[in-house]
Each structure stands twice: as structure tokens, then as C-alpha cells.
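Please open the model in a viewer and keep the selection panel at hand. The tour below proceeds by selection, with a description of what is found at each stop.

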Amino acid sequence: MVSKYARKYVKVALTGDGGDELFAGYSKYLIGYYSNLYKKIPKSLRKSIIEKIIYKIPDKSAITRKIRKVIDNSEKDIFEMRKELMSLGFKESELKYLLKNTEENNLKFIKDIYNKFSNIDDEIFQTLFTDLKIVLEGDMLVKTDRMSMLTSLELRPPILAKDIVEIAMKIPSDYKINRKNQKIIFKDTFKDIIPEKLLKLSKKGFGVPIDYWFRGPLNKELNILLDKKRIINQGIFNYEYIKEIIDEHMSAKRNRKNELWALYVFQKWYENRF
């Protein structure tokens, strides 16, 4: 829709792709910071009061989702935290429940990329490099390229110019992120030409209300695509686990929009393909 609208006025557009991966702009990079803060609270208080309250509250807001992410990841090592937040659909630990047949270590390639620079003692660099190779290359650039081409709009990402990428990869991570401050050197570089109000604005994601759609206008279609008989006949997924996901989302016990979206899109593709 955005590409179609832009094409009314221009044939070529510039994007900001790469800025977050090169300069640590995503909020997910703060998981270590918030997890460490959370672990400073006495464990007895966390387990007996905080977590019981948080998991009892309906999971319908961005705040509850963020708090749950911190709690869910607080006891994991930093790589497992990073991998969990990269997996926008099903987590690796969930695949064995979802799929009838799955292989162990099917996401091993992520750790291989992450460990490529384990000798430099810069965990943020490892994370940014991993996102650059997996998330940016395999997801972000793919979707913008395909959707813009669909409307005959040409997109160009100036931040991913070769020289900029090479310079950015040489900059120590402390110049990019420090505690809650993100994209530090990137913002400092342009602070004389970007209004202060924009520099201090919180990050705005470009999301769509999938969670609402699945409880509302897409609910009927979702139930048809994930019908018990259909799932059993496909022989790919375990229906009982899918039913559990649906029930959790519809009751707001847990926001499962990403998992349901992955299943919804797969079923639409499967319908057209087979």
C-alpha cells in the first residue's frame, strides 16, 4: 500500500534500511539491559508477586508484551535471548510441539554466524552482524524489494552503501549503544541538520494490528484455514498445539499473533500451491 501510494508521485524512493542493524536501533537490543535490571529484584519477589500478576493480566498491550519478553528471557544466556527475539514466528523450542517431523538444531546456522566474531569481545557487534546477515538480508530487504517491484517503484537504501557499511562495522559498539541510548554516533553525526524534537522521539514501529484482526475481521478465515480436519489431512502440524495457541490468543491469556500469522500465511500459500 505504501509503495503503491508513493508510485503516484515518484519512480524512485530512498529507504532507511540498515540503520538499525548497523547502529543498534532496535528495542530488542535492550533485552540484556532490562533483563539485568529485572534480575536485581529479589528472586522471591519476582516469582511470588511480579510474575504471577503479569501472567494474570490479559496480554493485550505493548507494555505487557515487553514485560513478558524480559521475564521470559531473564534467565537465559545472551545468545539465547538474541535468538528468541529474532524468531518472530515460532521459537526453536516450540517447533517440536508444532511440527510432526522436525530436526534438532535446525537453527544452528544462527549460532554459527553469531560466533563468527566471538573472538573480538564485543557481543553487540556479534548481534548486529547476525541481524545484518539473517534479518536484514533474508527478511527486511526481501519484503521491501518485492512489494516495491510489484508497483514498479524502485527503492534504494543509501545507508547500505558499501563505504557506510564498512565504516559502521569498524565503529566500537559503545559508540552505538550505551545502556538505553541507541544509535548514538548516528544521531550525533546529523544533530545539526535534524530537529531536536525528531532526535528525541521514541522509535515508532511500522506494524499492523494483526492481533486485533485475528480476534475480529480475520477470525472466521483463520478458523477455516486452521480447521481440525484440514490440519490433520495435511499431516504437517500437531492440531492440539495449534488449538492451544488459538485459545490462548482469543482469551488474551497470551498474545500469539506472530505464531498465528506464520500459520495463516503458510496455509494461504499451501492452498495456492497444492
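**First stop: Lys183**

Select Lys183, which is found in the loop between β4 (181-182) and α11 (184-190); helices (H or I, at least four residues) and strands (E, at least two) are DSSP runs, numbered from the N terminus. Lys183 is not a glycine, yet its phi is positive, at about 55 degrees. Most residues other than glycine have a negative phi, and most peptide bonds are trans. With a relative accessible area of 18%, Lys183 is buried, where buried means under 20% relative accessible area, exposed over 50%, and partly exposed in between (1.4 Å probe, protein chains only).

The model is predicted: local features need pLDDT of at least 70, side-chain atom pairs count only at pLDDT 80 or more, and totals for chains, interfaces and linings use all residues. Residues are numbered from 1 along each chain as its sequence is written, and side-chain values use heavy atoms, with hydrogens and water left out.

**Second stop: Ala24**

Move next to Ala24, in the loop between α2 and α3. Ala24 also has a positive phi in a residue other than glycine, with a value near 60 degrees. Is Ala24 buried or exposed? Its relative accessibility is 0%, so Ala24 counts as buried.

**Third stop: helices α3, α4 and α5**

Select residues 31-39 (α3) and residues 62-73 (α5) together. Two packed helices are described by the angle between their axes and the distance between the axes. Here the axes come within 9 Å and cross at roughly 75 degrees; axes are lines fitted to C-alpha atoms, for helices over the stretch in contact, and angles run from 0 to 180 degrees between N-to-C directions. The helices α3 and α5 are therefore roughly perpendicular to each other. In this scheme, angles under 35 degrees count as roughly parallel, over 145 as roughly antiparallel, 65 to 115 as roughly perpendicular and the rest as oblique.

Display the side chains where the two helices meet: Ile31, Tyr34, Ser35 and Tyr38 from α3, and Lys69, Val70, Ile71 and Asn73 from α5. Contact means heavy atoms within 4.5 Å. By class, the residues of this contact are 5 nonpolar, 2 polar and 1 charged; Ala, Val, Leu, Ile, Met, Phe, Trp, Tyr, Cys and Pro count as nonpolar, Asp, Glu, Lys and Arg as charged, and the others, Gly among them, as polar.

Keep α3 displayed and pick out its buried residues Ile31, Gly32, Ser35 and Tyr38. They cover an arc of only 125 degrees around the axis, which puts them on the same side of α3; the arc is that of the directions from the helix axis to the C-beta atoms. The cover over the buried residues of α3 includes α4, α5 and α6.

Now add α4 (residues 43-54), in which Arg46, Glu51 and Ile54 are buried. Looking down the axis of α4, one finds its buried residues within an arc of 55 degrees, so they line one face of the helix. These buried residues pack against α3 and α5. On the face turned away from the buried side of α4 are the exposed residues Ser44 and Lys52.

**Fourth stop: the nonpolar cores**

A nonpolar core is a set of buried Ala, Val, Leu, Ile, Met, Phe, Trp, Tyr and Cys residues joined through side-chain atoms within 4.5 Å. The largest has 23 residues, and Leu22, Phe23, Tyr29, Ile110 and Ile177 have the most contacts inside it. Two or more residues each come from α2 (19-23), α6 (78-86), α8 (108-114), α9 (123-150) and α10 (162-170), with the largest share, 7 residues, from α9. Apart from this core lies another, of 19 residues, among them Ile231, Tyr239, Ile245 and Ile246.

**Fifth stop: Ile110 and Thr130**

Centre the view on Ile110. Leaving aside neighbours within four places in sequence, Ile110 is in contact with Phe79, Lys83, Met86, Thr130 and Ile134. Of these, select Thr130, placed in helix α9. Thr130 counts as buried, at 2% relative accessibility. With the exclusion of neighbours within four places in sequence, Thr130 is in contact with Met86, Ile110, Ile113, Tyr114 and Val135.

Finally, select Asp112 in helix α8, which is partly exposed, with a relative accessible area of 42%. The C-alpha atoms of Asp112 and Thr130 are separated by 9.2 Å, and the two residues are 18 residues apart along the chain.
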